[in-house]
Amino acid sequence: MYNMNSIRIKEEEDKLEKFQQGRIDAFDEIENKLDGLKKIVRQAKIETVKYYRQDEPKSYSVVYGTDLIKDYIKDIETLLEK
């Protein structure tokens, strides 16, 4: 027969295990999103090249905010540094 303390300890261990597994699983989700981003970035580059070469060869327009994107990537790198 379980006493109340052992039941609480088991519940806390289960909570901890679920929490930790969720944190680990989040990396898979991030990796999948990054894989998808590579495709989106590649397409944006193609569209930018087309814009500057075909549509507006004398334009200084910013087609995609690459400076901001690079800043976000730098922020992500900072978050992942130990």
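**Patches and a ring pair**

Modeller: Asp-35 lies in helix α1, which covers residues 4-55. Bear in mind that this is a predicted model.

Biologist: Is Asp-35 buried or exposed?

Modeller: Asp-35 is partly exposed, because its relative accessible area is 46% and that class runs between 20% and 50%.

Biologist: Which residues form the negative surface patch?

Modeller: Asp-35 is one of them, together with Asp-25, Asp-28 and Glu-31.

Biologist: And which residues make the nonpolar patch?

Modeller: Phe-27, Ile-30, Leu-34, Leu-37, Ile-40, Ile-76, Leu-79 and Leu-80 make that patch on the surface, with an area of about 840 Å².

Biologist: Which helices supply at least two residues each?

Modeller: Helix α1 does, and so does α2, which spans 66-80. The most comes from α1, at 5 residues.

Biologist: Take Ile-40. Where does Ile-40 lie, and is it buried or exposed?

Modeller: Ile-40 sits in helix α1. Its relative accessibility is 55%, and the cut-off for exposed is over 50%, so Ile-40 counts as exposed.

Biologist: Different topic. How many aromatic pairs does the structure hold?

Modeller: The count is 1 aromatic pair. Its partners are Tyr-51 and Tyr-52, with ring centres 5.6 Å apart.

Biologist: Why is the pair of Tyr-51 and Tyr-52 called edge-to-face?

Modeller: Because the ring planes stand at 65°, and an angle over 60 degrees counts as edge-to-face.

Biologist: Are those two tyrosines buried or exposed?

Modeller: Tyr-51 is partly exposed at 23% relative accessibility. Tyr-52 is also partly exposed, with a relative accessible area of 32%.

Technical notes: Residues are numbered from 1 along each chain as its sequence is written. This is a predicted model: local features need pLDDT of at least 70, side-chain atom pairs count only at pLDDT 80 or more; totals for chains, interfaces and linings use all residues. Side-chain values use heavy atoms; hydrogens and water are left out. Patches are made of residues with over 30% relative accessible area and no salt bridge: like charges are joined within 9 Å, nonpolar side chains (Val, Leu, Ile, Met, Phe, Trp, Tyr) within 5 Å. Accessible areas come from the Shrake-Rupley method with a 1.4 Å probe; for residues, only the protein chains shown count as cover. A salt bridge is a side-chain nitrogen of Lys or Arg within 4 Å of a carboxyl oxygen of Asp or Glu. Lys and Arg count as positive and Asp and Glu as negative; His and the chain ends are not counted. The place of a charge is taken as NZ of Lys, CZ of Arg, CG of Asp or CD of Glu. Helices (H or I, at least four residues) and strands (E, at least two) are DSSP runs, numbered from the N terminus. Buried means under 20% relative accessible area, exposed over 50%, partly exposed in between (1.4 Å probe, protein chains only). Rings of Phe, Tyr and Trp (its six-membered ring) pair if their centres lie within 6.5 Å; planes under 30 degrees apart count as stacked, over 60 as edge-to-face and the rest as tilted.
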